[in-house]
Amino acid sequence: MTASSDTPLARLKELGLTLPAAAAPVANYVPFVRTGALLFISGQLPLGANGVDPAHKGKLGAGVSLEAGQSAARQAALNVLAQANAAVGDLAKLRAVRLGGYVNSAPDFASLPQVVNGASDLVAAVLGENGKHARFAVGVAQLPLDAAVEVEGIFEILP
């Protein structure tokens, strides 16, 4: 990264991205909970430009390509960052602790980690050194709104 990319928002801009508006919950939950120095972000879908419908729907390994899955994970992670920004007001105040990726997948689809790399790569690129995190990636039979991927996150709020 160049000297001009010394903030998360500058890094987003260099990637050609902007933070979307934080999405409203689709059920009975809150989008984030802050407890002490930890921030828990509820699972985020790869919502498209309208903020309502998933940009990527369907099952990986049954009609949805690995590349589309990675794009879905990237979009879902961008929505995680939007929620985190809404919670603390500045992404520079955050260190990623863990991301969780749920992949709507056919039973024999084995590239779950590669799909969730779309989310991990984005968080690392945006938060820099503070974007390194622990992670899990699991396959599931179905996700809300038939989304291809859902991503959740835990962040440490820095002093």
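In this predicted model, helix α3 carries a kink of about 30 degrees that is centred on Gly-118. The helix covers residues 112–127, and its 16 residues should span 22 Å at 1.5 Å a residue; the end C-alpha atoms lie 23 Å apart, which agrees with that expectation. Gly-118, the residue at the centre of the kink, is itself buried, as are Leu-112, Val-115, Val-116, Ala-119, Ser-120, Leu-122, Val-123, Val-126 and Leu-127 of the helix. The buried residues of α3 pack against helices α1 (8–14) and α2 (66–88), and also against strands β3 (59–60), β5 (94–104), β6 and β7. Just after α3, Gly-128 adopts a positive phi of about 65 degrees.

Positive phi values also occur at two residues that are not glycine, namely Leu-145 and Asp-146. Most residues other than glycine have a negative phi. For Leu-145 the angle is about 60 degrees, and for Asp-146 it is likewise about 60 degrees. Leu-145 is placed in the loop between β6 (134–140) and β7 (149–157), and Asp-146 is found in the loop between these strands as well. Leu-145 counts as partly exposed because its relative accessibility is 42%, and Asp-146, with a relative accessible area of 29%, is also partly exposed.

According to the unreviewed UniProt entry, residues 11–149 are listed as the domain "Endoribonuclease L-PSP/chorismate mutase-like". Over residues 11–149 the chain is 31% helix and 24% strand, with the end C-alpha atoms 24 Å apart.

Notes
Residues numbered from 1 in each chain as written. Predicted model: local features only at pLDDT ≥ 70, side-chain atom pairs only at ≥ 80, totals over all residues. Heavy atoms only, no water. UniProt positions renumbered as here; feature names shortened; annotations may be inferred. Helix = DSSP H or I, 4+ residues; strand = E, 2+ residues; numbered from the N terminus. Buried < 20%, exposed > 50% of the residue type's maximum accessible area, 1.4 Å probe, protein only. Expected span 1.5 Å × (residues − 1). Bend = angle between axes of the 7 residues up to and from the residue. Contact = heavy atoms within 4.5 Å.
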